[in-house]
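Thank you all for coming. I would like to walk through one protein with you, starting with the overall picture and then looking at a few places where its pieces meet.

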Amino acid sequence: MRASRLLSILLMLQTRGRLTAETLAETFEVSVRTIYRDIEQLSAANVPVYADRGPGGGFQLLDGFRTKLTGLTESEAETLFVAGLPGPASQMGLADQLLSAQLKLTAALPERNRAGARRIAQRFHLDPVDWFKSPEAARLLPEIARAVWSDSMIEIAYQRMDRRVTRWLKPLGLVLKAGTWYLVAEISQQLRTYRISNIVELAVTGERFTRPKEFDLVRFWTDSSRAYEVGLYRDKALLRLSPRGFGRLEQMSATVAEAAREAAQPPEHDGWRRVEIPIESVEQAALDLFRLGTEVEVLKPRELRRRLAAAARAMARLNA
């Protein structure tokens with residue numbers, strides 16, 4: 001650990017110039033005293049690092065000194081696939097490798113290209129979590145990620161809505177969707193998706209498996225996600241919508257909004273129009289459409305119309 005930190009300090013000084021002991025201590029989550037000892041170790045190893053005293057001072061390397069220790073380790077190279085995702089990288093237990101890999105890459109760049117690399121890092125940031133939400137807890141994610149990397153069988157206890165089940169899986173890939181991690185795995189020669197936060201126990205068996213040669217994680221996730229969304233909608237509803245209500249269908253889902261645009265009839269004289277939308281169930285549609293308030297009229301099915309009217313009357317009584 002210390003050797004890795006010494007190398008990272010050296011690379012930071014090489015790529016960023018003068019740095020204070022406080023900055024280095026905060027970066028590596030150690031004490032300032034530890035940083036001073038690290039600097040002494042670098043000096044003892046004939047690294048020309050020196051300190052500037054007083055305000056604005058800090059440690060820096062002798063002008064012209066360049067280290068050649070910029071080769072990437074295997075784990076750091078793997079980290080480059082999530083280099084734009086510092087939060088998820090941390091969840092997977094790769095935060096240290098990510099920092100080390102970025103430092104090595106920057107150090108390896110010619111001097112004229114470093115400013116461009118820094119501009120990219122300062123101008124682009126990817127936040128995969130939706131508004132007003134926090135990323136789900138993923139306590140077992142680092143262990144699962146290691147099993148994915150090493151093609152190791154795992155045994156999991158998985159919490160379903162009504163019961164807990166045990167599964168032996170071949171972990172093939174991890175997917176981050178809107179702040180939620182999913183595991184794609186093979187079981188009994190079938191591909192399944194498991195929500196990481198619902199995995200309550202995990203054991204890595206040590207038994208290795210051979211990945212299916214034809215498996216493509218991106219293609220599988222795209223196809224299965226589309227099939228899941230389409231499969232949710234088992235019924236249809238006929239509505240009259242105001243212009244404002246029509247615009248708010250996006251709140252239900254992109255699938256519903258797209259279906260409404262395709263099936264919408266020409267506007268009536270008051271601007272309202274009839275549309276047919278897919279729905280999951282009468283119960284769920286009543287919850288979703290209630291948010292549109294007086295901007296929607298349900299024409300069919302009759303049960304959905306009754307449920308929405310009953311919900312409106314109950315709300316009116318409570319707030320009378």
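The secondary structure of this protein amounts to 13 helices and 10 strands, and please keep in mind throughout that what you see is a predicted model. The protein has 320 residues, of which 36% are buried. If we take the contacts with a separation of 6 or more, 61% of them are made by residues 24 or more positions apart. The exposed surface comes to about 19900 Å², and carbon and sulfur atoms supply 51% of that area.

Let me turn to a pair of helices. Two packed helices are described by the angle between their axes and the distance between those axes. For helix H2, residues 21-28, and helix H3, residues 32-44, the axes come within 8 Å and cross at roughly 105°, which makes H2 roughly perpendicular to H3. On the H2 side the contact is made by Ala 21, Glu 22, Leu 24 and Ala 25, while H3 brings Val 32, Ile 35 and Tyr 36. These contact residues divide into 6 nonpolar, no polar and 1 charged.

Next come the sheets. One open sheet has 5 strands in the order S6-S5-S4-S3-S7, paired in the antiparallel sense. Which strands stand at its edges? They are S6, residues 190-195, and S7, residues 199-208; each has a single partner strand, so one side of each is left without a neighbour in the sheet. Neighbouring strands here are turned against each other by 45° on average, with direction ignored. Within this sheet, S4, residues 164-177, and S5, residues 180-187, run antiparallel and are joined by 7 bridges, and Leu 174 stands opposite Leu 183 in S5.

Helices also lie across these strands. Helix H8, residues 141-150, lies across S3, S4, S5 and S7 and runs at about 80° to S4, whereas helix H9, residues 217-232, lies across S4, S5 and S6, at about 105° to S4.

Finally, there is an open sheet of 3 strands, again with antiparallel pairing, in the order S9-S8-S10. Its edge strands are S9, residues 273-279, and S10, residues 296-300, each pairing on one side only, and neighbouring strands are turned by 35° on average, direction ignored. Strand S8, residues 235-241, pairs with S10 over 4 bridges, and the bridge partner of Leu 239 in S10 is Val 298. Helix H12, residues 282-290, packs on this sheet, where H12 touches S8, S9 and S10, and its direction makes about 130° with that of S9.

Conventions:
Residues numbered from 1 in each chain as written. Predicted model: local features only at pLDDT ≥ 70, side-chain atom pairs only at ≥ 80, totals over all residues. Heavy atoms only, no water. Axes fitted to C-alpha atoms, helices over the stretch in contact; angles between N-to-C directions. Helix = DSSP H or I, 4+ residues; strand = E, 2+ residues; numbered from the N terminus. Parallel < 35°, antiparallel > 145°, perpendicular 65-115°, else oblique. Contact = heavy atoms within 4.5 Å. Nonpolar A, V, L, I, M, F, W, Y, C, P; charged D, E, K, R; others polar. Pairing = 2+ DSSP bridges. Buried < 20%, exposed > 50% of the residue type's maximum accessible area, 1.4 Å probe, protein only. Areas by Shrake-Rupley, 256 points an atom, 1.4 Å probe, with all protein chains shown as cover.
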